[in-house]
Amino acid sequence: MQKINIRQQLGTRIKELRAATGLSQEAFADKCGFARSYMSRVERGGANPSIDAIEVLAVALGIQIKDLFTDAPVKLKKRPPEITLVPYAADGSHFGPHLKRDGKFTVGEKDDEVQFEDFDEALAHLRRMGVAKWRRPNASGSWGIVSAVRWASA
């Protein structure tokens, strides 16, 4: 039987607590200011997070640092629902869950588009773009790229 090292134990605990908050890995990484790939490595036990990173993770989860190193149940603080801001185009249309086409959201510049199955991951990608761009159907039903002119709640 293979022994689980402390990085793997920590990663499993972080994943468990993150999942209990209802945040996707991408959304949690954004909240912490980490790249999603780094967050993935932390949760798999492949990264060796610094003390500063451990503090950021605990703060983002609303727990004490010591709670990351125990199996004891932790009462996670309930947060008020977050208002999700989405990009709006000049014509008033906005990016939303209704824009899934063939099971995916398409975002990005023409000839450099990325597809996501998960809405939150697509939205996180749009946030990282200089000007958010996504595909949506126009009045005639053709799917074209639009650019954000503002961000607001849906």
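These legends accompany several close-up views of a predicted model.

**Figure 1. Overall fold of the predicted model.**
The protein has five helices and five strands. From the N terminus, the elements run α-α-α-α-β-β-β-α-β-β. Along the principal axes, the C-alpha atoms fill a box of roughly 60 × 35 × 25 Å. Of the 154 residues, 38% are buried. Take the contacts between residues at least 6 apart in sequence: 53% of them join residues at least 24 apart.

**Figure 2. Surface and charge.**
About 9,700 Å² of the protein is exposed, and carbon and sulfur atoms supply 50% of that area. There are 24 positive and 19 negative side chains. The centres of these two sets lie 3 Å apart. Eight salt bridges occur in the structure. Several of them appear in the views below.

**Figure 3. A nonpolar surface patch that includes Ile6.**
Ile6, Ile65 and Phe69 make a nonpolar surface patch of about 300 Å². Ile6 belongs to helix H1, which covers residues 6-21. Ile6 counts as exposed because its relative accessibility is 59%, and exposed means over 50%.

**Figure 4. Helix H3 and its cover.**
Helix H3 spans residues 36-44. Its buried residues are Tyr38, Met39, Ser40, Val42 and Glu43. The cover over these buried residues includes H1, helix H2 (25-32) and helix H4 (51-61). Just after H3 comes Gly45, with a positive phi of about 80°.

**Figure 5. The Arg18–Glu43 salt bridge.**
Arg18 and Glu43 meet through their side chains in a salt bridge, 2.6 Å from N to O. Arg18 lies in helix H1 and Glu43 in helix H3, so the pair ties together parts that are 25 residues apart in sequence. Both partners, Arg18 and Glu43, are buried. Glu43 is also one of the buried residues of H3 shown in Figure 4.

**Figure 6. Glu26, Arg128 and a salt-bridge network.**
A salt bridge joins Glu26 to Arg128, with the closest N and O atoms 2.6 Å apart. Glu26 sits in helix H2 and Arg128 in helix H5, so this pair ties together parts that are 102 residues apart in sequence. Glu26 counts as buried because its relative accessibility is 7%, and buried means under 20%. The two residues belong to a wider set: Glu26, Asp30, Arg36 and Arg128 are linked in a network of salt bridges.

**Figure 7. Ala124 in helix H5.**
Ala124 is part of helix H5, residues 119-128. With a relative accessibility of 1%, Ala124 counts as buried. Leaving aside residues up to four places away in sequence, Ala124 touches Glu26 and Asp30. Both of these acidic residues also take part in the network of Figure 6. Val86 and Ala124 are 38 residues apart in sequence, and their C-alpha atoms are 10.0 Å apart in space.

**Figure 8. The Asp91–Arg136 salt bridge.**
Asp91 pairs with Arg136 in a salt bridge, the closest N and O atoms being 2.4 Å apart. Asp91 lies in the loop between S1 and S2, and Arg136 in strand S4 (residues 133-137), so the pair ties together parts that are 45 residues apart in sequence. The partners differ in exposure. Asp91 counts as exposed, at 51% relative accessibility. Arg136, at 11% relative accessibility, counts as buried.

**Figure 9. Asp102, a positive phi in a loop.**
Asp102 is not a glycine, yet its phi is positive, at about 55°. Asp102 is placed in the loop between strand S1 (85-89) and strand S2 (105-109). Asp91 of Figure 8 lies in the loop between S1 and S2 as well. Asp102 is exposed, with a relative accessible area of 77%.

**Figure 10. Asp111, a positive phi between S2 and S3.**
Asp111 has a phi near 70°, a positive value in a residue other than glycine. Asp111 is found in the loop between S2 and strand S3 (112-116). Its relative accessibility is 75%, so Asp111 counts as exposed.

Key
Residues are numbered from 1 along each chain as its sequence is written. Side-chain values use heavy atoms; hydrogens and water are left out. Patches are made of residues with over 30% relative accessible area and no salt bridge: like charges are joined within 9 Å, nonpolar side chains (Val, Leu, Ile, Met, Phe, Trp, Tyr) within 5 Å. Accessible areas come from the Shrake-Rupley method with a 1.4 Å probe; for residues, only the protein chains shown count as cover. A salt bridge is a side-chain nitrogen of Lys or Arg within 4 Å of a carboxyl oxygen of Asp or Glu. Helices (H or I, at least four residues) and strands (E, at least two) are DSSP runs, numbered from the N terminus. Buried means under 20% relative accessible area, exposed over 50%, partly exposed in between (1.4 Å probe, protein chains only). Contact means heavy atoms within 4.5 Å. Lys and Arg count as positive and Asp and Glu as negative; His and the chain ends are not counted. The place of a charge is taken as NZ of Lys, CZ of Arg, CG of Asp or CD of Glu.
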